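Work through the exercises below with the model open. Try each task before you read its solution.

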Amino acid sequence: MGERIVGRFAACLSERLSEPPADAVAGGTADPGGASDVADTTDVASPPREEPLDLLRTAGLPVAERAAAALAAAVVVAVLAVRTRRRRRTWKKGV
């Protein structure tokens with residue numbers, strides 16, 4: 001999972017670094033009034049959107065396995081506690 005996240009980050013970073021700065025796309029002229037900025041931003045194509053990373057599908061199984069192991073351990077501890085308690089009661093009655 002970590003490799004996939006780092007890979008996507010690296011791809012996105014390299015894509016952003018390869019794009020020219022906003023000043024170069026607008027022609028290098030800056031208008032203090034901001035009127036030309038509005039017109040220039042509509043001409044620039046937006047980058048394609050990637051599919052979002054589904055963390056439940058990616059990490060769901062390992063998390064479920066750990067949760068199942070913890071649940072199984074809790075059940076074993078509960079069963080042992082009940083057995084120990086019953087044995088103490090019968091031991092006290094027999095003495």
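**Exercise 1. Place Leu17 in its helix, then decide whether it is buried or exposed.**

Solution.
- Step 1: Find the element. In this predicted model, Leu17 sits in helix α1, which spans residues 2-18.
- Step 2: Check the accessibility. Leu17 has a relative accessible area of 66%.
- Step 3: Apply the cut-off. Exposed means over 50%, so Leu17 is exposed.
- Step 4: Look for partners. Leu17 joins Phe9 and Leu13 in a nonpolar surface patch of about 340 Å².

**Exercise 2. Describe the fold by its elements and its surface.**

Solution.
- Step 1: Count the elements. There are 4 helices and 0 strands.
- Step 2: Put them in order. From the N terminus on, the run is α-α-α-α.
- Step 3: Ask how much is buried. Of the 95 residues in the protein, 2% are buried; the cut-off for that class is under 20% relative accessible area.
- Step 4: Take the surface. The accessible surface comes to about 8600 Å². Carbon and sulfur atoms account for 63% of that surface.

**Exercise 3. Find the salt bridges and state how they are connected.**

Solution.
- Step 1: Recall the principle. Side chains of opposite charge can pair when their charged atoms come close.
- Step 2: Count. The structure holds 2 salt bridges.
- Step 3: Take the pair Glu51 and Arg57. Their closest N and O atoms are 3.7 Å apart, which is within the 4 Å cut-off.
- Step 4: Take the pair Asp54 and Arg57. Here the closest N and O atoms are 3.6 Å apart.
- Step 5: Classify the residues. Glu51 counts as exposed because its relative accessibility is 54%. Arg57 is exposed too, at 56%. Asp54, at 33%, is partly exposed.
- Step 6: Connect them. Shared partners join Glu51, Asp54 and Arg57 into one network.

**Exercise 4. Characterise the largest pocket by volume, lining and residue class.**

Solution.
- Step 1: Get the volume. The largest pocket holds about 340 Å³ of space.
- Step 2: List the lining. It consists of 11 residues. Those nearest the pocket centre are Cys12, Glu15, Arg16, Pro48 and Glu50.
- Step 3: Sort by class. The lining has 6 charged and 5 nonpolar residues. Polar residues are absent from the lining.

Notes. Residues numbered from 1 in each chain as written. Predicted model: local features only at pLDDT ≥ 70, side-chain atom pairs only at ≥ 80, totals over all residues. Heavy atoms only, no water. Patch = residues over 30% accessible without salt bridge, like charges linked within 9 Å, V, L, I, M, F, W, Y side chains within 5 Å. Areas by Shrake-Rupley, 256 points an atom, 1.4 Å probe, with all protein chains shown as cover. Salt bridge = Lys/Arg side-chain N within 4 Å of Asp/Glu carboxyl O. Helix = DSSP H or I, 4+ residues; strand = E, 2+ residues; numbered from the N terminus. Buried < 20%, exposed > 50% of the residue type's maximum accessible area, 1.4 Å probe, protein only. 1 Å grid on protein atoms, 1.4 Å probe; cavity = no way out; pocket = protein on both sides within 12 Å on 5 of 7 lines; lining within 4 Å. Points joined across faces, edges and corners; volume = space filled by probe spheres on them. Nonpolar A, V, L, I, M, F, W, Y, C, P; charged D, E, K, R; others polar.
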